[in-house]
Structures are given as C-alpha cells and as structure tokens.
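User: Hello! I'd like to understand how the labels on this model are justified. Could you take me through the reasoning behind them?

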Amino acid sequence: MKTRQIFENNKKWIAEKLAIDDKYFEKLSGGQSPELLYIGCSDSRVTAEDLMGVEPGEVFVHRNIANMVPNTDLSAMSVINYAVEHLKVNHIVVCGHYYCGGVKAAMESIDMGILNPWLRNIRDVFRLHKKELNAIKNEEEKYKRLVELNVQEQCISVIKTTEVQYAYRSRQIQVHGWVFDIHTGRLIDLKIDFQKVLQNLVDIYRIE
Ligand code: CO
C-alpha cells in the first residue's frame, strides 16, 4: 500500500459523504455523544465500526493487543473513565475475536520480550480456567475457548472499576462480552450474566 493512495482515498470518502449530506462534517465537528464504548483487539482484520455497521460518532473505541483491560493500564482505564463519566455511555462492549494472535502467543512458551508482561495477563486467564481449558483436547477448540474466556475476564475487569460500579447504580450501565468470528464475519454475544457476575464480586470489590 502506498501512503499517497490513502490521501486519494480520503478525497473520495469526503466526496461520498458530502454527496449524501452536505452538512456531514459540520455535524461531525459539533461534538460526540456515543452510546457505546467498544474495547477490541488491534488486529487489522477486526475493525470496530465496519463490523457493527455504525457511523463515525456512534462508538467510542479503545483497541489494544487481545482486547485487554488490565487495571494498571493507564490508557484503558482513562478511556473507561472518560467514556463512562464524561460521555455517559450506557453500554461497554469487550469484543474479542477467534484466531487472535495475542491469545495464540499466550498459549505458547516463546519469549516475546516487551510483550511478555502484556501476554501474562492472558496467561492468568488461562490459569483461572485451566481445568476447563485442559479438558479440551482439540487445540483449535481450546484456542477459541480461551478467546471467549479472555473476553469474559476482561468484562469482569471492566465491571470492577469504580466508574462502572457507580454508573451501574445510577443508570444501570451494561457490560457486554462479544466475539467476532473472522472465519464467518459473525458477531457472537457471549451473553454474560451481568447480575450474576456482580453478585460474585460485590463483597470483595465494592467501592462506596
Ligand atoms: Co487479536
């Protein structure tokens, strides 16, 4: 890909948008009020807006390797804080994807240098669910299940944050765990039981 081509694409994109609505960029510059925060993987194949069929302005996005929400990660925590307390989103989605390179790397013993501490967060998910995962004999199925369990654990990490606890009490903010299946293009709702998760966490993580 030539970077110069990107500027040509941009010109075409502007023309397309203005052909539909000549006030498109005027409206866009007026501000944002997204309903949803999307936390996904940086993988180039898993675009946020495209796969959800939404337009610029509709979703606040955070992406990193393997859609992680480590509670000491200033970037992820700042995004959650801003989305919940300032943009007042009503939904937070953690979206993983099958065939995730980050999850794959965490299942192997290769020294990845600076990536080691990041991948360790995924290995911690494996440890938490070791019994279930090791009972799966098919390697691909095990890999896919770890992707799902990682999404579940990152949702729990979101739910533990003070911002989300407060927003749940004041406006019943919802946290969703989804997986994008690259093989079919399908978006799968893992249907995480928010109430059940909260009940199990409340006595340990509740902040007043
Ligand atoms: Co990935």
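User: What makes the contact between Glu-148 and Arg-145 a salt bridge?

Analyst: Happy to start there, with the reminder that this is a predicted model. The closest N and O atoms of Glu-148 and Arg-145 are 2.7 Å apart. The cut-off is a Lys or Arg side-chain nitrogen within 4 Å of an Asp or Glu carboxyl oxygen, and 2.7 Å satisfies that, so the pair counts as a salt bridge. Both residues lie in helix α8, three residues apart, about one turn of the helix. Glu-132 belongs to the picture too: salt bridges with shared partners join Glu-132, Arg-145 and Glu-148 into one network.

User: Why is Glu-148 called buried, and what is Arg-145 called?

Analyst: Buried means under 20% relative accessible area. Glu-148 has 16%, so it counts as buried. Arg-145 has 24%, which falls between the 20% and 50% limits, so it is called partly exposed.

User: Which parts of the chain does the salt bridge between Glu-55 and Lys-17 tie together?

Analyst: Here the N to O distance is 3.0 Å, again within the 4 Å limit. Glu-55 sits in the loop between α3 (48-52) and β2, while Lys-17 is in helix α1, so the pair ties together parts that are 38 residues apart in sequence. Glu-55 is partly exposed at 38% relative accessible area, whereas Lys-17, at 15%, counts as buried.

User: How many salt bridges are there by this rule?

Analyst: The count comes to nine. Another one of them joins the side chains of Asp-43 and Arg-45, at 2.7 Å from N to O. Asp-43 is buried, with a relative accessible area of 15%, and Arg-45 is partly exposed, with 45%.

User: Let's turn to the sheet. Why are β2 and β5 said to stand at the edges?

Analyst: The open sheet has five strands in the order β2-β1-β3-β4-β5, with mixed pairing. β2 (59-64) and β5 (186-189) each have a single partner strand, so one side of each is left without a neighbour in the sheet. On average, neighbouring strands are turned by 25° against each other, direction ignored.

User: How do you know that β1 pairs with β2 and with β3?

Analyst: At least two bridges are needed for two strands to pair. β1 and β2 run parallel and are joined by six bridges, with Tyr-38 partnered by Val-61 in β2. β1 and β3 pair in the parallel sense over five bridges, and Gly-40 stands opposite Cys-95 in β3. Both pairs therefore meet the requirement.

User: What makes β1 largely enclosed?

Analyst: Six of the six residues of β1 are buried, so the strand is largely enclosed by the rest of the structure. Helix α4 (residues 74-86) packs on the sheet, touching β1 (36-41), β2 and β3.

User: Is Thr-161 buried or exposed, and which residues is it in contact with?

Analyst: Thr-161, in the loop between α8 and α9, has a relative accessible area of 7%, under the 20% limit, so it is buried. Leaving aside its neighbours within four places in sequence, Thr-161 is in contact with Met-77 and Ile-80.

User: And what is Phe-7 called, buried or exposed?

Analyst: Phe-7, in helix α1 (residues 3-20), has a relative accessible area of 58%; that is over 50%, so it is exposed. Together with Met-1 and Ile-6, Phe-7 makes a nonpolar surface patch of about 420 Å².

Note on methods. Residues are numbered from 1 along each chain as its sequence is written. This is a predicted model: local features need pLDDT of at least 70, side-chain atom pairs count only at pLDDT 80 or more; totals for chains, interfaces and linings use all residues. Side-chain values use heavy atoms; hydrogens and water are left out. Helices (H or I, at least four residues) and strands (E, at least two) are DSSP runs, numbered from the N terminus. Axes are lines fitted to C-alpha atoms, for helices over the stretch in contact, and angles run from 0 to 180 degrees between N-to-C directions. Contact means heavy atoms within 4.5 Å. Patches are made of residues with over 30% relative accessible area and no salt bridge: like charges are joined within 9 Å, nonpolar side chains (Val, Leu, Ile, Met, Phe, Trp, Tyr) within 5 Å. Accessible areas come from the Shrake-Rupley method with a 1.4 Å probe; for residues, only the protein chains shown count as cover. Buried means under 20% relative accessible area, exposed over 50%, partly exposed in between (1.4 Å probe, protein chains only).
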